[in-house]
Amino acid sequence: MIERSLLVAAGLLLCGNTPVPPTVQDKGEAEQAIASQDEAGTDSDIIDVGFDQDRYERMTVPVTISGKGPYRFFIDTGAQATVVTRKVTDELELVPTGRARLVAMGSSEIVDTIDIDQLEFADRSFSGITAPLLERKNIGADGILGLDSLQDLRVLIDFREDSMSIADARSSRGSTGYEIVVRARQRLGQMIITDARLNGVRTAVIIDTGAQNSLGNLALLNRLRARARETLTATDVNGAIVESELAMARRLVIGDMELTNVPIGFADSPAIEALGLSDRPALILGMGNLRMFERVAIDFASRRVLFDLPGTVRRQDLVAPGFMATRTKS
């Protein structure tokens with residue numbers, strides 16, 4: 001019997017040419033002064049977790065299940081559910097206990113589910129997890145840590161140091177050290193930024209650390225009246241092929257932050273539809289564009305996303321002659 005539908009938007013893996021990353025600007029520096037942040041914060045409860053960058057540039061952390069492992073799971077802020085792969089269940093001799101519909105970036109499939117008694121990472125323990133069972137080749141890791149494991153945490157991705165920190169969000173709510181702080185709304189556990197405009201069109205933005213590149217829906221493409229440059233082919237976590245039309249957005253504004261020349265693929269997505277956003281402009285912002293920042297923190301308890309802008313141009317920002325990330329000075 002199928003009990004529920006689970007949203008796992010991660011795993012949009014680009015096959016083909018990687019789009020040129022956007023230019024990052026501080027909207028406040030270009031157009032107005034940034035308002036000072038008056039919230040104090042502490043990092044005393046932060047737990048640093050070393051990570052590996054797999055070939056899809058998604059970050060993995062060590063996870064143990066029932067005391068066995070470690071297994072490499074990547075943290076995905078776009079996935080409603082924690083996921084395990086058959087590699088893990090075969091080693092632990094776990095058998096499916098149910099079935100559920102898994103909604104991915106380009107498909108919706110009925111999959112087996114596994115009951116996990118104890119899952120541990122970063123000195124935190126979770127029990128009573130029902131996890132979809134997927135193939136490792138389709139997600140590029142042993143599993144996914146989804147929103148059901150992240151709701152009381154702050155996830156910090158530090159692209160400068162190639163490190164990740166996971167903290168109890170209740171004791172790490174400060175915004176000190178971050179240049180841009182954006183509030184979000186929650187829907188099905190996901191953080192949706194509503195204070196965003198793409199080429200002047202109001203757009204709902206979902207921060208997805210499990211997606212390699214950004215994907216907008218056709219409602220957004222129609223409002224933009226943009227012209228596609230080429231067709232991109234990708235694979236979602238169900239193994240389904242996703243084709244999207246690549247177009248370049250001139251300007252993405254999120255709060256007091258601005259990105260210019262943003263490459264975005266456009267397609268109708270079951271994941272966006274599951275969030276109730278199919279009829280309004282919506283954008284899943286993936287890692288390819290997030291890497292233009294020095295740090296990105298996602299605070300689930302306070303429903304905020306915090307950004308650090310790049311202070312200088314770095315070699316890793318260079319992707320092709322004539323293209324680089326810059327910071328505009330007033």
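Buried here means under 20% relative accessible area, with partly exposed lying between that value and 50%. The model shown in these views is predicted.

**View 1. Salt bridge between Arg-160 and Asp-158.** The closest N and O atoms of Arg-160 and Asp-158 are 3.4 Å apart. Asp-158 has a relative accessible area of 8% and is therefore buried, as this value falls under 20%. Arg-160, at 39%, is partly exposed.

**View 2. Salt bridge between Asp-142 and Arg-136.** A separation of 2.8 Å divides the closest N and O atoms of this pair. The carboxylate partner, Asp-142, is buried, its relative accessible area being 5%. Arg-136 counts as partly exposed because its relative accessibility, 35%, lies between 20% and 50%.

**View 3. Network of salt bridges that includes Asp-142 and Arg-136.** Four residues are linked in this network: Lys-87, Glu-91, Arg-136 and Asp-142. Within the network, Arg-136 and Asp-142 form the salt bridge with an N to O distance of 2.8 Å. Asp-142 is buried, whereas Arg-136 is partly exposed.

**View 4. Salt bridge between Glu-258 and Arg-251.** The side chains of Glu-258 and Arg-251 meet with an N to O distance of 3.2 Å. Glu-258 retains a relative accessible area of 6% and is so classed as buried, the limit being 20%. Arg-251 has a relative accessibility of 32% and counts as partly exposed. In total, the structure contains ten salt bridges, including the one between Glu-258 and Arg-251.

Methods:
Residues numbered from 1 in each chain as written. Predicted model: local features only at pLDDT ≥ 70, side-chain atom pairs only at ≥ 80, totals over all residues. Heavy atoms only, no water. Buried < 20%, exposed > 50% of the residue type's maximum accessible area, 1.4 Å probe, protein only.
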